[in-house]
Amino acid sequence: MQSVVAHCSLATAAANPRCFSHSLAQQQAPPSHLLLRSHQHHLLLCQCDEASSSSPRLLASSASPFFLQSHDRLRSNGETTGSTRDGQFCIVATSIATSAPPDLPPSAPLKQEGDIRVVKITDDTISLQGRSLERLKYEIEYGLKRGTTDNSYLIKGQTHTALIDIPDQAFSKAFLETLATTTDLKRLTYLILGHFSPKRVESLVGLADALAERDDPLQVYCSNPAAQQLKSLVPSDLLEKRFIITVVKADDNLDLGGGHKLQFILTPTPRWPDGMCIYDPATQLIFTNKLFSAHVSAGNGFDFGGWDEYGEDWRFFYDCMLSPVAKQADAVLDKLPLVAQFSTPTYQGKRGIDVIKTDVKFLLSSILSKLNIPISKSVRFSEITGPGDALVTAAICPLHGPIVRSSLTELLREYHVWTQAKLKQVEEATVAVIYASAYGNTAALAQAISQGISKAGVGIETVNAEVCTMEEVAAVMKQCSGFVVGSPTLGGNMPTPVKEALGVILKDDDARSKPCGVFGSLGWSGEAIDEIEQRLKDGGFSFAFPTIRCTFKPTQSTLQICEESGTDLAQAVRKAKRKQKYSSSDAQSLVATNVEQAVGRVVGALCVLSAKDGDAESAMLASWVSQASFVPPGITIAVSKERAVEGLVLVGGKFVLSVLGQGKSAAVSKQLLKPFKPGENRFGELPTKQTESGNTILVDAIAWMECTVTKRMETGDHWVLYAAVDSGKLQDDRTLTAVHQRKTGARY
């Protein structure tokens, strides 16, 4: 691929001082030192010592949510214009050359998904669902590999029509084509954004182009953080010409006519500070953006199949996205007193005639809940059976995954159960995850680290440095038992919010006794990560894992390293807590109880479980293994939630079980029981070979089986996997299976 390279001068430029230590204007170099590269539909402004340098330093990108947000394409005369968060810029080339870019970000062209499904919810409300049957993105929340949907909703009121949310750029083209055939765009009055991000800009700009023939601008309703993003990401002239932004406040509403008086509920979290839910009393539908979402594309748009079909998808999304922000999730749930249509009424506080009325409601609810009544008709019945002090909900309409109707009661209950469990962890011990993210890569690393912390049973306090105050950072640091700091490198510098947060940490004398870690993403340099690491080392801080540096987008292997690092940090926190709780002289705490001694006599085959996903691979020594079925041949195996391999053995994942033999297990056990650095090869020098699918087998195993996980059951601090055996081989028919003998069931 060829790239236009222009030696250029910067006429005017400004960067948000809240986000950067230096503005582009302050970083200006002589014209011969600035290179403007056109690559993958983005402009990259680089700086280097000489025009021929192969290692330029990235100053800005049109993909950045902070500056160079919008631009005209690089014209033939080498000039481009656009806008930053704080103003306009104009870059003019003084000379132009064409060359291959050997050092540009390794990114593939964006794949446009063309499958848009139109789902009728009621007579007035439809859903436009962009579907991807494959894993759409690299972030950990897509780890189940069940595809995804990106859902928008169209409500046609008596007097006005409103579009709720716009899709990711991967669905932009097909979405706009489908929208134009679904409704008359000239009658579209409102665009309501429950969530907005840089990846949705393309769809917004495309919508503006589709509305070009209209005289009146489209009215946009959104939260204040979303409005700020719109102003920073969308060219000001386009924004002013095509849109009128209304910032929603708590308890605001919008009347579309015909009873569709939409209620707005602000639901911010550190990951989604712009979050907003919309409730339509006419249809009793609630549009929840990221809340109650799942990355799965199966089905016909609704949750037919219920909890058995989608329960694990909802749980996995919650664990990845909301468990790190349990306090904020709890506050959001308090704002959403949702009750399913035809839910069982309560008798609490009822007397006399009220008991008889409740009996009638109970009878009606029991009957109606069994009938598959269309939502448009069920509303009138729910007015008879539903409580008056809650948001009676016919269905939850999320941003991703199926519309939730049949599993609504279960999902609401489990969200509360999951949140309370995470809050309990926060009370016992917490790790603060403090970060800022420019392109979303650092945020993805923070997610993976948080996942590892959560797996180890430690609470998380997520702090987005871009939207919090330094007083909040100080308060979190006082309460936490450990912390991590993450930052991108922008223009060779650390973003100002991270720099300010680091200053707060360094001033906290108690923080030096807490285990910590550093992570971040970078383009060509990574000075911010190095600076954070060095300043913490100079301050005498103790690191729980090696600093994580990710070049551009993280791979599966990088995310695995992050997850393992989070687990290592959480284990260090738990170890410190145990030392505080038990003194070394408390020998009684080390004595196994009768129950533990009895459980310890249950034994299983000693095996090695190995699994691989892309460039991520891990293994563990396992003894809680047993055959579970004859037809099909199947086994069960228990895997601790803290194990690095746990994230590779999700439903649908494949693994190999190498069975160890008596007298042949010592070397393997010694290798796999030693401590490992995050991402380190578990097998070391042990002789191995590969299956046809790429999984690892121990050469000295007496037998091996390649299996597919079909079910997972949560059992306290472990997951019990049921896996079907796809293939296998007995390699040694003379040696008996090794068995792990224990004296207590409290330890391995």
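This is a chat about a predicted model, covering a sheet, a few loops, two buried charged residues and a helix pair.

User: Before we start, what kind of model is this, and what do the local features need?

Analyst: It's a predicted model, where local features need pLDDT of at least 70 and side-chain atom pairs count only at pLDDT 80 or more, while totals for chains, interfaces and linings use all residues. Residues are numbered from 1 along each chain as its sequence is written, and side-chain values use heavy atoms, with hydrogens and water left out.

User: Cool. Which strands form the open sheet, and in what order?

Analyst: The order is E8-E9-E10-E11-E12-E13-E14, 7 strands with mixed pairing. The edge strands are E8 (115–120) and E14 (243–247), each pairing on one side only. On names: helices (H or I, at least four residues) and strands (E, at least two) are DSSP runs, numbered from the N terminus. Two strands pair if DSSP finds at least two bridges between them.

User: How much are neighbouring strands turned against each other?

Analyst: By 25 degrees on average, direction ignored. Axes here are lines fitted to C-alpha atoms, for helices over the stretch in contact, and angles run from 0 to 180 degrees between N-to-C directions.

User: Is E10 mostly buried or exposed?

Analyst: Buried, meaning under 20% relative accessible area (exposed is over 50%, partly exposed in between, with a 1.4 Å probe and protein chains only). In E10, 8 of the 9 residues are buried, so the strand is largely enclosed by the rest of the structure.

User: How many bridges does E10 make with E9? And with E11?

Analyst: With E9 there are 8 bridges, in the antiparallel sense, and Gly-130 has Asp-150 in E10 as its bridge partner. With E11 (residues 161–164) there are 4, again antiparallel, and Ile-155 stands opposite Ala-162 in E11. E10 and E11 form a hairpin with 4 residues between them.

User: In which sense do E11 and E12 pair, parallel or antiparallel?

Analyst: Parallel, over 4 bridges, with E12 covering residues 188–193. Thr-161 stands opposite Leu-188 in E12.

User: What does helix H4 lie across?

Analyst: H4 (residues 224–233) lies across E12, E13 (218–222) and E14, and runs at about 130 degrees to E13.

User: Changing topic: which loop holds Lys-145?

Analyst: The one between E9 (125–132) and E10 (148–156). Lys-145 has a positive phi of about 60 degrees although it isn't a glycine, and it is partly exposed, at 44% relative accessible area. Most residues other than glycine have a negative phi, and most peptide bonds are trans.

User: What about Phe-292, buried or exposed?

Analyst: Phe-292 is buried, with a relative accessible area of 1%. Its phi is positive too, about 65 degrees, and it lies in the loop between E18 (285–287) and H6 (306–321).

User: Where's the cis peptide bond at Pro-632?

Analyst: It runs from Val-631 to Pro-632, with omega near -5 degrees. Pro-632 lies in the loop between E30 and E31, where a hairpin joins the two strands through 4 residues. E30 (residues 625–629) and E31 (residues 634–640) run antiparallel and are joined by 4 bridges. Gln-627 has Ile-635 in E31 as its bridge partner.

User: What's up with Glu-461, buried or exposed?

Analyst: Buried, at 8% relative accessible area. Glu-461 lies in E23 (residues 459–464). Contact means heavy atoms within 4.5 Å, and leaving out residues up to four places away in sequence, Glu-461 touches several residues, including Pro-324, Lys-327, Val-431 and Gln-479.

User: How long is the polar contact with Lys-327?

Analyst: The side chains of Glu-461 and Lys-327 are joined by a polar contact of 2.8 Å. A polar contact is a pair of N or O atoms within 3.5 Å; within protein, one must be able to donate a hydrogen and the other to accept it, and residues adjacent in sequence count only if both atoms are side-chain atoms.

User: And Lys-455, where does that lie?

Analyst: In helix H11 (residues 441–455). Lys-455 counts as buried at 11% relative accessibility.

User: Last one: at what angle do H13 and H14 cross?

Analyst: Roughly 10 degrees, with the axes of H13 (residues 496–507) and H14 (residues 527–538) coming within 11 Å. That makes H13 roughly parallel to H14; angles under 35 degrees count as roughly parallel, over 145 as roughly antiparallel, 65 to 115 as roughly perpendicular and the rest as oblique.
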